[in-house]
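Let's take a walk through this one together, from the overall fold down to a few individual residues. Keep the 3D view open as you read.

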Amino acid sequence: MRDVREWMAALVRFVKRRRDPVVVQTLRSAAAATIAYVIALRLSPEAAPLTAPLTALLVVQVTLYATLTNGVRRVNAVVAGVLVAIAFSLLVGLTWWSLGLLILASLGVGHLVKVNEYVPEVAISAMLVLGVTTVGDTAWARVLETLIGAVVGLACNLLFAPPVWVDEAGESIEGLARRVRQLMLSMGEEAAGRTPVEHATERLHEARRLDHDIVEVDAALKQAEDSLRLNPRVREGLLHRVVLRTGLDTLEICTVVLRVLARTLTDLAKERESERLFARQAGAAVEQLLSEIADAVVSFAVLVTTDVSRSAESAEERLASQLRHAAATRDKLAQLLLEEVQRDARQWQLHGAVLTEVNRILDELDTEHRSRRLLEELDRTSQEQRERMPRLTWMQERLRRNRGALARRSR
């Protein structure tokens with residue numbers, strides 16, 4: 001009975017993780033490889049056609065776009081390797097020096113045909129084909145098995161539609177925003193009092209470590225962007241991609257400015273080791289300002305990752321309100337710092353730097369600035385797509401017009 005309960009608990013955990021990229025990739029890869037092997041056993045002259053499941057395993061990716069691109073590149077790599085092997089078998093055969101030349105030629109051909117990460121596959125295919133006695137039969141069997149694996153891998157993604165990873169990317173962006181918020185709150189609390197240099201330096205190191213978080217979020221965003229491409233279940237895929245990408249770009253700029261702000265406060269702590277970083281009122285204003293900006297950063301992330309129009313309007317209103325309060329606090333801080341500099345002109349450059357860096361973050365989060373940036377990026381991306389794939393763009397526009405005409409007729 002205990003074993004049954006443990007098994008059921010494990011099953012529940014697995015079901016909860018059914019949209020996890022690792023789980024999805026594992027199930028799809030295992031199914032595709034098995035099906036490809038069964039088909040290859042019937043069609044290939046080889047006794048153990050392992051190239052088919054290997055190809056399916058490599059071709060099947062989490063997104064349809066990645067499956068298509070990887071499938072084409074892998075087939076090109078195998079065919080190129082087979083052709084190189086046939087040429088070498090006809091000219092020189094297999095010796096130690098011809099093997100070296102074969103590898104050099106295969107890698108060179110791989111770069112010429114632009115198979116990217118599958119360049120070693122060209123050399124592997126050439127060596128496997130050249131190493132057997134019946135080069136012709138083995139060569140074409142390997143091509144056939146590769147095609148079987150590629151077709152099965154593509155069919156798995158067409159029949160079992162891959163998920164759209166926008167939610168996961170949104171969670172990553174919001175997680176980054178919350179880490180930025182926590183760091184800002186810590187910096188504000190320390191700026192309001194007498195801050196040891198060690199504490200200010202630790203905040204600086206935390207700000208620098210945000211770069212690693214951005215790399216992880218960028219990887220999640222790339223996966224989401226790929227899942228939106230060529231996905232029949234997604235409308236306005238370009239808009240989703242641009243919204244998420246520009247949102248991450250804004251957060252990345254904010255983290256860079258935050259790192260500069262942390263360095264400014266660290267330098268100020270070194271100069272005023274036995275004193276408060278700011279006068280009491282100014283320090284309280286810095287703490288309040290950073291707290292308000294920290295909340296605005298999270299609201300900005302929520303706005304970027306919200307796809308329901310009503311929720312997006314609410315998030316935008318909340319962000320605009322928070323930015324207005326932060327701007328008022330910024331003006332108050334500017335007046336307090338001016339009065340402090342008039343009393344004591346030491347480190348006035350650092351005080352001015354604090355205001356400059358805060359202004360830069362507020363400008364990046366500004367809703368009007370965001371709208372302009374979004375429109376510019378949409379225009380640029382659409383133009384690039386039209387220039388790169390004019391026929392596909394024409395077909396998409398025609399389908400959109402036909403849908404609109406059908407909708408009008410139904411009304």
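What follows starts with the whole chain, then moves to its cores, its cavity and four single residues.

First, a reminder that you're looking at a predicted model. The secondary structure is quickly told: the chain has 15 helices and zero strands. Of its 411 residues, 45% count as buried. If you look at contacts with a separation of 6 or more, 77% of them are between residues 24 or more positions apart. On the outside, the accessible surface comes to about 22700 Å², and carbon and sulfur atoms own 58% of that.

Now for the inside. As a rule, nonpolar side chains in soluble globular proteins tend to be buried together. In this chain, the largest nonpolar core has 65 residues, and the two that touch the most other members are Phe278 and Ile293. Who supplies this core? The elements giving two or more residues are α8 (166-191), α9 (197-228), α10 (237-271), α11 (280-305), α12 (309-343) and α13 (348-365). Of these, α11 gives the most, with 15 residues.

Phe278 is a good place to stop and look around. Setting aside neighbours within four places in sequence, Phe278 is in contact with Ala191, Leu265, Leu268, Gly283, Val286, Leu337, Glu340, His351 and Val354. Apart from the big core lies another one, made of nine residues, including Ala40, Ala52, Val60 and Ile148.

Next, is there any empty space inside, and where? A search of the whole structure turns up one cavity of 30 Å³ or more. The largest cavity holds about 60 Å³ of space. Its lining consists of Met187, Glu190, Ala191, Thr195, Ala200, Arg203, Ala262, Leu265, Thr266 and Leu277. Helices α8, α9 and α10 are the elements that give two or more residues to that lining. By class, the lining has six nonpolar, two polar and two charged residues. Two names may ring a bell: Ala191 and Leu265 line this cavity, and both are also on the contact list of Phe278.

Let's finish with some single residues. Glu364 lies in helix α13. Is Glu364 buried or exposed? Glu364 counts as buried, because its relative accessibility is 8%, under the 20% cut-off. Leaving out residues up to four places away in sequence, Glu364 touches Thr250, Ile253, Cys254 and His369.

Gln322, in helix α12, is another buried residue, with a relative accessibility of 19%. Beyond its neighbours within four places in sequence, Gln322 is in contact with Asp295, Ala296 and Ser299.

Ala150 takes us to helix α7 (residues 135-159). At 12% relative accessibility, Ala150 counts as buried too. Its contacts, again without neighbours within four places in sequence, are Thr55, Val59 and Val75. There's also a long-range pairing to check in the viewer: Ala150 and Ala36 are 114 residues apart along the chain, yet their C-alpha atoms are separated by 8.7 Å.

Last comes Lys114, in the loop between α5 (96-112) and α6 (119-130). Lys114 isn't a glycine, but it has a positive phi of about 60°. Lys114 counts as exposed, because its relative accessibility is 65%, over the 50% cut-off.

Methods: Residues are numbered from 1 along each chain as its sequence is written. This is a predicted model: local features need pLDDT of at least 70, side-chain atom pairs count only at pLDDT 80 or more; totals for chains, interfaces and linings use all residues. Side-chain values use heavy atoms; hydrogens and water are left out. Helices (H or I, at least four residues) and strands (E, at least two) are DSSP runs, numbered from the N terminus. Buried means under 20% relative accessible area, exposed over 50%, partly exposed in between (1.4 Å probe, protein chains only). Contact means heavy atoms within 4.5 Å. Accessible areas come from the Shrake-Rupley method with a 1.4 Å probe; for residues, only the protein chains shown count as cover. A nonpolar core is a set of buried Ala, Val, Leu, Ile, Met, Phe, Trp, Tyr and Cys residues joined through side-chain atoms within 4.5 Å. On a 1 Å grid over the protein atoms alone, a cavity is a set of points where a 1.4 Å probe fits but cannot get out, and a pocket is an open set with protein on both sides within 12 Å along at least five of seven lines; lining residues have an atom within 4 Å of a point. Grid points are joined across faces, edges and corners, and a volume is the space filled by probe spheres set on the points. Ala, Val, Leu, Ile, Met, Phe, Trp, Tyr, Cys and Pro count as nonpolar, Asp, Glu, Lys and Arg as charged, and the others, Gly among them, as polar.
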